[in-house]
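Please open the model in your viewer, with the backbone drawn as a cartoon and side chains ready to be switched on. The tour below moves from one selection to the next and says what is found at each stop.

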Amino acid sequence: LVEVFSSLGLAYRYQNWIAIGASLQSVAVAAQQRSKISADPNGNEDPGYDILVDAKVQDPFIPAANFGVWSQPLPWLELGASVQLGRHVVATGPLQVVPGEDIKVLATINDDNATATLAFDMPPIYRVGAKYSFWRLFDVELDLVLEQWSVQNHIFLEPKGVDVEVAGSPQDLENMVL
């Protein structure tokens with residue numbers, strides 16, 4: 001997964017007492033998802049019956065935002081907090097399907113012009129911090145970061161344009177939930 005953020009931010013500071021800021025962001029995402037599915041007719045998960053599903057997807061624009069606050073209530077103490085909002089990624093791109101050696105005998109796979117859509121959630125990120133200055137000789141800082149990865153409970157991959165023919169019977173490659 002590669003994410004590129006472009007943002008436009010604004011901030012306002014009132015003396016050393018408080019500052020607030022926000023940025024509106026455009027996130028471009030590129031991802032590669034490789035999965036193998038087993039088509040072993042005997043249920044033994046023989047690697048020769050594996051089918052490699054390789055998706056390279058992208059989404060050029062996902063809206064996002066970041067908000068923050070900073071304060072220096074005392075000359076030796078600074079406090080700050082920020083939140084990076086989570087985002088829902090729905091990226092589309094080409095899909096390649098590579099059958100294992102043994103499955104080629106049982107099935108014919110056509111993935112010409114196949115595409116995939118990959119959907120998942122990225123977490124919000126919360127940050128808080130404090131800085132204590134000792135007589136301008138050195139600083140002690142404490143930072144806490146919470147990334148709420150529990151929002152990403154699955155990755156959904158929807159293949160389109162893949163024809164799988166087993167014993168003369170055409171079938172679609174099913175959606176995958178990881």
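Begin by selecting Val 164 and Gln 171, the latter in β12, which are bridge partners; keep in mind throughout that the model is predicted. Widening the selection to residues 163–166 shows strand β11, which pairs with β12 in the antiparallel sense over four bridges. Strands of a sheet pair through backbone hydrogen bonds, either parallel or antiparallel, and it is therefore useful to display backbone atoms here.

Now add β6, and the open sheet of three strands comes into view, ordered β6-β11-β12 with antiparallel pairing. Its edge strands are β6 (107–110) and β12 (169–172), each of which pairs on one side only. If you look along this sheet, neighbouring strands are turned against each other by 25° on average, with direction ignored.

**Strand β7 and its partners**

Select residues 115–122 next, which make up strand β7, a mostly covered strand in which six of the eight residues are buried. Which strands does β7 join through bridges? One is strand β5 (residues 87–99), joined to β7 by eight bridges and running antiparallel to it, and within this pairing Thr 92 has Thr 117 of β7 as its bridge partner. Another is strand β10 (residues 156–160), joined to β7 by five bridges, again in an antiparallel run; here you can pick Ala 116 and find its bridge partner, Pro 159, in β10.

**Salt bridges**

Turn on the charged side chains, since a search of the whole structure finds four salt bridges. Stay with β5 for one of them, in which the side chains of Glu 3 and Arg 87 meet at 3.0 Å, N to O. Glu 3 belongs to strand β1 (residues 2–14) and Arg 87 to strand β5, so this pair ties together parts that lie 84 residues apart in sequence. Is each partner buried or exposed? Glu 3 counts as partly exposed at 24% relative accessibility, whereas Arg 87, at 8%, counts as buried.

Move next to Arg 34 and Asp 54, which form a salt bridge whose closest N and O atoms are 3.3 Å apart. This pair also links distant parts of the chain, with Arg 34 in strand β2 (residues 18–38) and Asp 54 in strand β3 (residues 50–74), 20 residues apart. Colouring by accessibility brings out the contrast between the two partners: Arg 34 counts as exposed at 55% relative accessibility, while Asp 54 is buried, with a relative accessible area of 6%.

The next selection is Glu 78, Lys 131 and Asp 139, which are linked in a network of salt bridges. Within this network, the side chains of Asp 139 and Lys 131 meet at 3.6 Å, N to O. Asp 139 is partly exposed, with a relative accessible area of 40%, and Lys 131 also counts as partly exposed, at 23% relative accessibility.

**Aromatic rings and a nonpolar patch**

For the last part of the tour, display the aromatic side chains, among which the structure holds four aromatic pairs. Tyr 132 and Phe 134 make one of these pairs, an edge-to-face arrangement with 4.5 Å from centre to centre and 75° between the planes. Phe 134 also pairs with Phe 138, this time in a stacked arrangement, with 4.9 Å from centre to centre and 25° between the planes. The rings in these two pairs come from residues that are partly exposed, with relative accessible areas of 32% for Tyr 132, 23% for Phe 134 and 45% for Phe 138. Adding Trp 76 and Trp 135 to the selection completes a cluster that ring pairs link together with Tyr 132, Phe 134 and Phe 138.

Finally, switch to a surface view and select Leu 74, Trp 76, Tyr 132, Trp 135, Leu 137, Phe 138 and Val 140, which make a nonpolar surface patch of about 790 Å². Where in the chain does Leu 137 sit? Leu 137 is placed in the loop between β8 (125–134) and β9 (138–147), and at 68% relative accessibility Leu 137 counts as exposed, the cut-off for that word being over 50%.

Methods: Residues numbered from 1 in each chain as written. Predicted model: local features only at pLDDT ≥ 70, side-chain atom pairs only at ≥ 80, totals over all residues. Heavy atoms only, no water. Phe/Tyr/Trp six-rings, centres within 6.5 Å; stacked < 30°, edge-to-face > 60°. Buried < 20%, exposed > 50% of the residue type's maximum accessible area, 1.4 Å probe, protein only. Patch = residues over 30% accessible without salt bridge, like charges linked within 9 Å, V, L, I, M, F, W, Y side chains within 5 Å. Areas by Shrake-Rupley, 256 points an atom, 1.4 Å probe, with all protein chains shown as cover. Helix = DSSP H or I, 4+ residues; strand = E, 2+ residues; numbered from the N terminus. Pairing = 2+ DSSP bridges. Axes fitted to C-alpha atoms, helices over the stretch in contact; angles between N-to-C directions.
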